[in-house]
Amino acid sequence: MNDDLFRNAAKNFYENAKELYDEDVQRLLEEKGCGRMQLVETSLNLRVEKGKQRSDYCLPKWVAEEQLSLGAEVYCNVEYMECCDAEYMVLFEQAGYIAYKALDSKHRGILCMVKDYAVESVGMFSDPNMLHLALTKDGKTVQIIVVRILVANGGDDDYRDRRVQWDRVIDYISSIRKKSKNVVVVGDFNHGVISENYSGKPRRFFNFQIVNESLAKCGMKPADISGTSYREYQTPDHLFTTSGIEVIKAEFLELFGDNEIIGIPDHKLIVSHLIYK
């Protein structure tokens with residue numbers, strides 16, 4: 001099935017089947033050789049303040065309850081930190097999810113929760129935070145790469161370093177694209193406010209246009225999601241896919257409100273529905 005036929009068929013299946021039970025939707029997709037996935041990206045907003053330590057912070061059980069209410073197969077969490085999170089982790093485990101982590105020496109990084117897929121943890125970075133999982137179901141594999149670019153003081157050197165981090169990610173994605181047609185890149189890219197002119201600003205060294213153009217060279221395009229994901233003026237969170245994956249629907253969901261409490265997500269979530277060949 002070529003890309004145009006796949007795209008049209010995927011949209012038709014979604015529109016025609018969205019009122020049916022999940023089993024019927026899956027049956028229709030399987031008849032045409034397609035798989036489907038719901039993927040959610042969340043920034044968990046975990047970090048250590050001066051004079052404190054990891055054990056002073058919690059990832060509440062009710063955050064897991066809110067996430068699980070979305071019914072996704074894949075949850076990609078950035079800005080995670082191992083802390084008092086036992087109840088959070090147990091709730092996902094009881095719901096049938098397996099946890100996959102990519103952490104730095106300070107126990108911070110990426111946390112993914114996955115169910116209903118055979119999973120291989122393929123690769124990870126700590127600087128930037130990155131986790132690559134290969135998810136397989138019914139003979140079809142989707143490569144999920146979750147990224148968070150690390151930030152410092154917002155000056156020139158900081159944005160130069162963000163570019164260095166991003167170049168590492170792009171080199172990695174380029175190698176994966178040679179092997180797989182089904183690739184998803186999602187996360188917090190921390191490129192700053194998007195504008196047309198970065199002259200004289202630190203963002204001239206790293207910005208959304210650099211991210212978008214470099215991923216386009218890897219055959220990837222951003223999902224069309226309206227609105228902003230952080231404080232109504234920034235959109236650092238994105239979802240990019242290759243042509244083998246059709247984004248049927250993607251939206252920013254403000255599930256936790258605008259808050260500054262550590263351990264409560266402070267970005268809107270990306271909630272996406274994907275169909276893949």
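**Figure 1. D138 sits in the open at a turn.** D138 is exposed, with a relative accessible area of 54%. Everything shown here and in the views that follow comes from a predicted model. You will find D138 in the loop between strand 6 and strand 7. Its phi is near 55 degrees, a positive value in a residue other than glycine. That is worth a pause, because most residues other than glycine have a negative phi. The two flanking strands form a hairpin with two residues between them, and D138 belongs to that turn.

**Figure 2. Strands 6 and 7 run side by side.** Follow the chain on either side of the turn and you meet strand 6 (residues 129-137) and strand 7, paired in the antiparallel sense over nine bridges. A handy place to begin is T136, which stands opposite T141 in strand 7. How enclosed is strand 7 by the rest of the structure? Strand 7 covers residues 140-148, and seven of its nine residues are buried, so it is largely enclosed.

**Figure 3. Strand 7 has another partner, strand 8.** Strand 7 also pairs with strand 8 (residues 183-188), here in the parallel sense and over six bridges. To locate the pairing, look for Q143, whose bridge partner in strand 8 is V183. Helix 5 joins the picture too: strand 7, helix 5 and strand 8 make a right-handed β-α-β unit.

**Figure 4. Six strands make an open, mixed sheet.** Stepping back from strands 7 and 8, we can place them in a sheet of six strands with the order 5-6-7-8-10-9. The sheet is open and its pairing is mixed. As a reminder, strands of a sheet pair through backbone hydrogen bonds, either parallel or antiparallel. Which strands are at the edges? They are strand 5 (118-125) and strand 9 (221-222), each of which pairs on one side only. Strand 9 is joined by two bridges to strand 10 (residues 237-241), and these two run antiparallel. Within that pairing, K221 stands opposite T241 in strand 10.

**Figure 5. A cis peptide bond precedes P128.** Zoom in on the loop between strand 5 and strand 6, where P128 is found. The bond joining D127 and P128 is cis, with omega at about 5 degrees. For context, most peptide bonds are trans.

**Figure 6. Strands 3 and 4 form another hairpin.** Strand 3 (residues 98-103) and strand 4 pair in the antiparallel sense over six bridges. I98 has V114 as its bridge partner in strand 4. Four residues lie between the strands of this hairpin, and H107 takes a positive phi near 65 degrees.

**Figure 7. E41 is buried among residues from distant parts of the sequence.** E41 belongs to strand 1 (residues 35-43). Is E41 buried or exposed? With a relative accessible area of 0%, E41 is buried. Leaving aside residues up to four places away in sequence, E41 touches C76, V78, V186, G187, D188, D237, L269 and I270. H238 is 197 residues from E41 along the chain, yet their C-alpha atoms are separated by 9.0 Å. The chain as a whole offers some background: of its contacts with a separation of 6 or more, 65% are between residues 24 or more positions apart.

**Figure 8. E79 combines a buried position with a positive phi.** Look for E79 in strand 2. E79 is buried, with a relative accessible area of 12%. Although E79 is not a glycine, it has a positive phi of about 55 degrees.

**Figure 9. The largest pocket includes E79 in its lining.** This pocket has a volume of about 540 Å³. Of the 24 residues that line it, E79, R148, L150, V151 and N190 are the closest to its centre. Which elements give two or more residues to the lining? Strand 2 (74-81), strand 4 (108-114) and helix 5 (156-177) do. By residue type, the lining divides into seven nonpolar, eight polar and nine charged.

**Figure 10. The whole chain, for orientation.** To set the close-ups in context, the protein chain has six helices and twelve strands. Buried residues make up 51% of its 277 residues.

Note on methods:
Residues are numbered from 1 along each chain as its sequence is written. This is a predicted model: local features need pLDDT of at least 70, side-chain atom pairs count only at pLDDT 80 or more; totals for chains, interfaces and linings use all residues. Side-chain values use heavy atoms; hydrogens and water are left out. On a 1 Å grid over the protein atoms alone, a cavity is a set of points where a 1.4 Å probe fits but cannot get out, and a pocket is an open set with protein on both sides within 12 Å along at least five of seven lines; lining residues have an atom within 4 Å of a point. Grid points are joined across faces, edges and corners, and a volume is the space filled by probe spheres set on the points. Ala, Val, Leu, Ile, Met, Phe, Trp, Tyr, Cys and Pro count as nonpolar, Asp, Glu, Lys and Arg as charged, and the others, Gly among them, as polar. Buried means under 20% relative accessible area, exposed over 50%, partly exposed in between (1.4 Å probe, protein chains only). Two strands pair if DSSP finds at least two bridges between them. A crossover is right-handed if, with the strands pointing away from the viewer, the path from the first strand over the helix to the second runs clockwise. Contact means heavy atoms within 4.5 Å.
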